[in-house]
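This briefing addresses strand pairing, helix packing and nonpolar cores, in that order. Please consult the structure below alongside the points that follow.

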Amino acid sequence: IVRSLSTITYCIGNNQRVQTIVTCATSRYIRNFCPKYARYPRELFVNHIGGAVRDSLLGRAVHDIDLATPLRPEEVMQRLKAAGLKAVPTGIDHGTVTAVADGRTFEVTTLRRDVSTDGRRATVAFSDDWREDAARRDFTINALYADPQTGEIADYFGGLADLEAQRLRFIGDATQRIAEDHLRILRYFRFLARYGGDVVDDDAYAACRVAANSLMALSRERIADELIKLLAVAAPLRALRLMVDGGILRAVLPEVDMAGIDRVETVMAREAASETPPSALRRLAALLPPDPAAVDQIGARLKLSNKARKRLALAVEPGPADEAPRALAYRVGMESAIDRLLLDVDRPLSALVSLDGWTPPTLPISGGALIARGLPPGPDVAKALQEVQKIWVEENFPDATRVGLIADQTVSKFQRARQ
């Protein structure tokens with residue numbers, strides 16, 4: 001958020017200048033929320049932090065905008081409301097307030113220091129020291145603060161050099177940082193997949209391997225969230241292989257093995273070849289054993305939503321090898337049909353062509369129409385309607401005229417059977 005708040009511009013000085021423009025909200029925010037106070041560093045009340053800074057510097061699209069401030073959360077709330085903006089106390093005990101402006105959300109978090117940690121959660125105290133706030137973060141590239149007015153980057157731990165070198169390092173001792181928050185193990189591999197280069201930090205990898213069993217202390221929802229985020233990255237394979245080699249997931253997802261990663265690689269190649277948008281859930285289905293019962297059990301263990309569990313099970317469910325793509329889509333839904341066709345290496349990618357731009361239709365006849373044709377009300381109506389639907393699907397969804405003829409033939413058949 002900048003003085004005009006119509007755009008956000010990040011600039012790195014010295015050897016590079018990268019500018020990313022991100023559409024934001026209205027100028028009310030900066031005028032009311034960020035007046036200058038000389039007693040704070042660079043006379044600012046707010047800096048950008050996290051992914052928006054990293055991705056801007058790399059010339060990547062920015063999605064979420066997070067801000068850090070010395071202001072206490074209660075004052076943040078007051079200033080937002082005074083500016084006529086919605087303020088939501090999403091994590092106010094930990095210093096986080098969500099600002100809503102022009103339909104977009106911005107997380108504003110007070111500077112903090114850790115008082116105590118237990119590997120799952122931290123007790124924090126608020127601070128007005130930017131370096132102290134940076135020191136509690138996980139990775140050097142995650143502790144970059146951007147001045148929204150000048151573009152100046154505050155870098156306390158060499159994050160800029162690491163970002164440029166595609167090097168992922170913990171701030172300080174990796175073992176200690178992981179002990180503070182066990183989820184950092186999974187975050188390490190996700191960040192490695194997104195920002196890492198060819199070289200893996202030996203100390204960080206060793207610390208993750210040693211502490212892998214500590215993942216058992218985390219909620220399965222948090223584990224699932226990180227795994228799905230990793231699978232959504234453009235190139236997750238190297239990180240996944242390091243995880244399996246290092247036994248990272250053995251305590252919480254022992255079913256994941258190299259064969260699963262090979263399946264992910266195959267489905268990614270088929271996604272790219274068919275120009276199908278990538279799907280983290282589809283890749284998760286490839287990563288897990290190709291067994292609907294096992295997949296559903298794992299989905300339950302990870303506490304995935306019922307919708308996600310159903311999609312995973314449908315993706316690996318065996319079906320008729322000769323089922324037409326549109327018939328498959330009508331039976332299981334378009335999304336699951338695409339999953340199935342991409343996961344089944346015996347299916348040619350050309351099978352997806354018939355689904356392009358096609359929407360599964362609704363059977364253009366009802367049980368009432370069969371009764372009107374002379375079929376007595378009762379169980380036979382449902383059976384006859386199912387038979388009409390079966391023929392309609394087999395004939396590739398003909399129009400209502402043809403369906404009427406199919407209905408006539410089916411009613412006649414059931415009437416003869418009753419005589």
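Strand β4 (residues 96–101) and strand β5 (residues 104–110) run antiparallel and are joined by six bridges. The model is a predicted one. The points below begin with the strands around β4, then turn to the helices and the cores.

**Strand β4 and its hairpins**

- Within the pairing of β4 and β5, A101 has R104 of β5 as its bridge partner.
- The hairpin of β4 and β5 has two residues between the strands, and D102 adopts a positive phi near 50 degrees there.
- Strand β3 (residues 86–91) is also antiparallel to β4, with four bridges between them.
- One bridge of this pairing links G91 with T96 of β4.
- A hairpin is formed by β3 and β4 as well, with four residues between them; in its turn, G95 has a positive phi of about 95 degrees.
- Because five of its six residues are buried, β4 is largely enclosed by the rest of the structure.

**Strand β2 and its partners**

- Strand β2 (residues 65–69) runs parallel to β5, and five bridges join the two.
- In this pairing, D66 stands opposite E107 of β5.
- Strand β1 (residues 47–49) pairs with β2 in the antiparallel sense through three bridges, and N47 is found opposite A68 of β2.
- Four of the five residues of β2 are buried, leaving the strand mostly covered.

**Packing of helices α7 and α9**

- Two packed helices are described by the distance between their axes and by the angle between them.
- For α7 and helix α9 (residues 220–232), the axes come within 9 Å and cross at roughly 10 degrees.
- The crossing angle therefore makes α7 roughly parallel to α9, since angles under 35 degrees count as roughly parallel.
- On the α7 side the contact is made by L186, R187, F189, R190 and A193, and on the α9 side by I223, E226, K229 and L230.
- By class, five nonpolar and four charged residues take part in this contact, with no polar residues.

**Nonpolar cores**

- The largest nonpolar core holds 92 residues, of which Y188, F189, I248 and L284 touch the most other members.
- Helix α7 (residues 184–195) gives the most to this core, contributing eight residues.
- Leaving aside residues up to four places away in sequence, I248 touches I185, L186, F189, C208, R209, A212, L215, L242 and M243.
- Another core lies apart from the largest one and comprises 17 residues, including V46, I65, L71 and A101.

Note on methods
Residues numbered from 1 in each chain as written. Predicted model: local features only at pLDDT ≥ 70, side-chain atom pairs only at ≥ 80, totals over all residues. Heavy atoms only, no water. Core = buried A, V, L, I, M, F, W, Y, C linked by side-chain atoms within 4.5 Å. Buried < 20%, exposed > 50% of the residue type's maximum accessible area, 1.4 Å probe, protein only. Contact = heavy atoms within 4.5 Å. Axes fitted to C-alpha atoms, helices over the stretch in contact; angles between N-to-C directions. Parallel < 35°, antiparallel > 145°, perpendicular 65-115°, else oblique. Nonpolar A, V, L, I, M, F, W, Y, C, P; charged D, E, K, R; others polar. Pairing = 2+ DSSP bridges.
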